[in-house]
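Here's a quick briefing to read alongside the model. Have the sequence and the 3D view open as you go.

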Amino acid sequence: MGTTLQGFKDSVQHYLKRLQTGVVATGIAATLAMGGLGASSAVHADALEDIESRGTIRIAVPQDFPPFGSVGTDLQPRGYDIDMANYIADEMGVTLELITVTSANRIPYLQTGQADLVISSLGKNPEREAAIDFSDAYAPFFLGVFSADADESVEGPEGFADKTIGVTRGAVEDMELSNVAPDSTTIQRFEDNATTISAFLSGQVDYIATGNVVAAEIAERNSNRAPSLMYQLKDSPCYIGLNKNEAALQAEVNRLIAQALEDGTLNEFSQRWFSADLPDNFGS
């Protein structure tokens, strides 16, 4: 259990940092964007034409952030982002070259021409938008209140009345929940993420405010206590990153995202990696 909870804690710390700061490598990315590194001049003016001509697309993906991207027991990359990268390459009819990156170097890899796209649980904010362009949303990333009862849902925060919800003290979800919960809601705060998760798993609380990434980890390892989304608190979906002024590539990627949303592929990815359907408002 200690190892499992540590894994949960690592995942939570990763997404909390993402939500709170909005960017890990913005400073580096902005410097690269403005500094005119020589390597960046190697990026073609028409990246889509370049990809089609060489027959290969280079996509940067995470290797340390399940369920978006990690290394399986077979030492092969696996996760939502890897599935999305494969889908794009297959639909474009080109060979996929995966490039594993960290949060800190994913944007520099794009800007220096080492990757054509970044599919790495990338959120959007003004600093990043000044440095690179983004596709439409391709993956859900959100905070919510989850229930131990798969059949339970609420229309709004008023549905939390008289309920006890576990949350990690001072976390983003604590602040979001505190802003909307009725006075009769008991917000039971725990001192760290591992204790919050343990309280939910043990039945000390039947409701937990957390992120969909952590909820997916709980569901995978504890199917009899799988959290079910009851209400979404904060939406911060993931986007595919690409270099500035690549209108043709951006249009093609957006076309494929829309196609995957329409034909159910994105929902299959969500079911596979998050153990849940896409949120009702996804893509709107």
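Two strands count as paired here if DSSP finds at least two bridges between them. By that rule, strand S5 (residues 117-122) and strand S12 (residues 238-242) pair in the antiparallel sense, over 2 bridges. Keep in mind that this is a predicted model. The rundown below goes from the sheet to the helices, then on to the pocket and a couple of backbone oddities.

**The sheet**

- S5 and S12 belong to an open sheet of 5 strands, and reading across it you get S4-S1-S5-S12-S6, with mixed pairing.
- The edges are strand S4 (95-101) and strand S6 (133-139), each of which pairs on one side only.
- Going from one strand to the next, the twist averages 25 degrees.
- For a landmark where S5 meets S12, look for Val118, which stands opposite Gly241 in S12.

**Helix H10 and what it touches**

- H10 lies across three strands of that sheet, S5, S6 and S12, and runs at about 10 degrees to S6.
- How do H4 and H10 sit relative to each other, roughly parallel or roughly perpendicular? The axes of helix H4 (residues 80-92) and helix H10 (residues 247-262) cross at roughly 110 degrees and come within 11 Å. Angles of 65 to 115 degrees count as roughly perpendicular, so that's the label for H4 and H10.
- On the H4 side of that contact you'll find Met84, Tyr87, Ile88, Glu91 and Met92, and they meet Glu252, Val253, Leu256, Ile257, Gln259 and Ala260 in H10.
- By class, the H4 contact with H10 has 8 nonpolar residues, 1 polar and 2 charged.
- Helix H3 (residues 47-54) also packs against H10: the two axes come within 6 Å and cross at roughly 75 degrees. H3 and H10 are therefore roughly perpendicular to each other as well.
- H3 puts Ala47, Leu48 and Ile51 into this contact, while H10 brings Ala248, Leu249 and Glu252.
- That H3 contact with H10 splits into 5 nonpolar residues, no polar ones and 1 charged.
- Glu252 is worth clicking on, since it turns up in the H10 contact with H4 and again in the one with H3.

**The largest pocket**

- The largest pocket has a volume of about 600 Å³.
- Its lining takes in 25 residues, and those nearest the pocket centre are Leu229, Met230, Leu278, Pro279 and Asp280.
- Which elements give two or more residues to the lining? They are strand S7 (142-147), helix H9 (212-221), strand S11 (228-235) and helix H11 (265-274).
- S11 gives the most, with 5 residues.
- Sorted by class, the pocket lining has 15 nonpolar, 7 polar and 3 charged residues.

**Backbone oddities**

- Pro66 and Pro67 are joined by a cis peptide bond, with omega at about 5 degrees.
- To find Pro67, go to the loop between strand S1 (56-62) and strand S2 (70-71).
- Leu75 isn't a glycine, yet it has a positive phi of about 65 degrees.
- Leu75 is in the loop between S2 and strand S3 (77-78).

How values were computed
Residues are numbered from 1 along each chain as its sequence is written. This is a predicted model: local features need pLDDT of at least 70, side-chain atom pairs count only at pLDDT 80 or more; totals for chains, interfaces and linings use all residues. Side-chain values use heavy atoms; hydrogens and water are left out. On a 1 Å grid over the protein atoms alone, a cavity is a set of points where a 1.4 Å probe fits but cannot get out, and a pocket is an open set with protein on both sides within 12 Å along at least five of seven lines; lining residues have an atom within 4 Å of a point. Grid points are joined across faces, edges and corners, and a volume is the space filled by probe spheres set on the points. Helices (H or I, at least four residues) and strands (E, at least two) are DSSP runs, numbered from the N terminus. Ala, Val, Leu, Ile, Met, Phe, Trp, Tyr, Cys and Pro count as nonpolar, Asp, Glu, Lys and Arg as charged, and the others, Gly among them, as polar. Axes are lines fitted to C-alpha atoms, for helices over the stretch in contact, and angles run from 0 to 180 degrees between N-to-C directions. Angles under 35 degrees count as roughly parallel, over 145 as roughly antiparallel, 65 to 115 as roughly perpendicular and the rest as oblique. Contact means heavy atoms within 4.5 Å.
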